[in-house]
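Let's take a walk through this structure together, one link at a time. Have the sequence handy and follow along in the 3D view.

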Amino acid sequence: MVGLYDGTDSTTEHFCGPDPLPVDNAQYCYVDNSVSWDQSFMQDGYTTGKYWVYMVIAHEWGHAVVEQNPEIEWGEPELQADCLAGAALYGGATDGLIAFGPDATKEFATDLSQIGDEASWSETNDHGDSLQRVNFFSLGKEYGVNGCLGDD
Ligand SMILES: [Zn+2]
């Protein structure tokens, strides 16, 4: 985890390899195998509820898992990361590592809906719409990591 950076502070260097980390976003950096996020991205998302932070980090962690295990990669990377996020978060809850309140499922769905389509937390060539993102997150929630490995 590199963790927090201030994307609006041009005096601070924050890079993934040669590329600057994005403003108002979070990212898995394959160059140094790190996860980082712009503080404004987390603060803005947190205004809708605390589960935003869990979901963003779990999603980026999902990208890290796929990068470390390329044999499991399939289809749309954003949707697979959403699936692995659901698997990680609800697997953690099943194992007693995380306790979610009664609003968690609804809040995760709302968060995923907000970042679907053309929202900033997705690259321009991503194709996960809101419903797809919620569905893949739910797939991971229901079936764990095995639900995120595709049909092969
Ligand atoms: Zn992603």
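Start with C83 and C148, which are joined by a disulfide, with an S to S distance of 2.1 Å. Keep in mind as you look that this is a predicted model. Which way does this link turn? The torsion about the S-S bond of C83 and C148 is about -85°, so this disulfide is left-handed. As for where the two ends sit, C83 belongs to helix α3, which covers residues 77-94, while C148 is found in the segment after α5 (130-143). That puts the partners 65 residues apart, so to speak in distant parts of the chain that the pair links. Are these two cysteines buried or exposed? Both C83 and C148 turn out to be buried.

Now for the other link. The structure holds two disulfides, and here C16 is bonded to C29, again with S to S given as 2.1 Å. C16 lies in strand β2 (residues 15-16) and C29 in strand β4 (residues 26-29), so this disulfide ties together parts that are 13 residues apart in sequence. The link of C16 and C29 is right-handed, with 85° about the S-S bond. What about accessibility here? C16 has a relative accessibility of 4%, and because anything under 20% counts as buried, C16 is buried. C29 comes in at 1% relative accessibility, so C29 counts as buried too. If you count the bonded cysteines along the chain, the disulfides follow the pattern 1-2, 3-4.

Next, move over to the metal. Which residues hold the zinc ion? H59 and H63 each coordinate the zinc ion through NE2, and E78 appears twice in the list of donors, each time with an OE atom. These contacts run from 2.0 to 2.8 Å. Along the chain, the donors follow the spacing H-x3-H-x14-E. H63 lies in helix α2 (residues 51-68) and E78 in helix α3, so this pair ties together parts that are 15 residues apart in sequence. Helix α3 is a name you've met already, as C83 is in helix α3 as well.

What is the geometry of the zinc site? The angles among the four donor atoms range from 51 to 131°, and the site is irregular. The reason is in the cut-off: four donors count as tetrahedral if all angles lie between 85 and 135 degrees, and here the angles start at 51°. Finally, H63 and E78 are both buried.

Key
Residues numbered from 1 in each chain as written. Predicted model: local features only at pLDDT ≥ 70, side-chain atom pairs only at ≥ 80, totals over all residues. Heavy atoms only, no water. Disulfide = S-S within 2.5 Å. Helix = DSSP H or I, 4+ residues; strand = E, 2+ residues; numbered from the N terminus. Buried < 20%, exposed > 50% of the residue type's maximum accessible area, 1.4 Å probe, protein only. Donors = N, O, S within 2.8 Å, 3.2 Å for Na, K, Ca; no water. Tetrahedral: all angles 85-135°; square planar, octahedral: opposite > 155°, others 65-115°.
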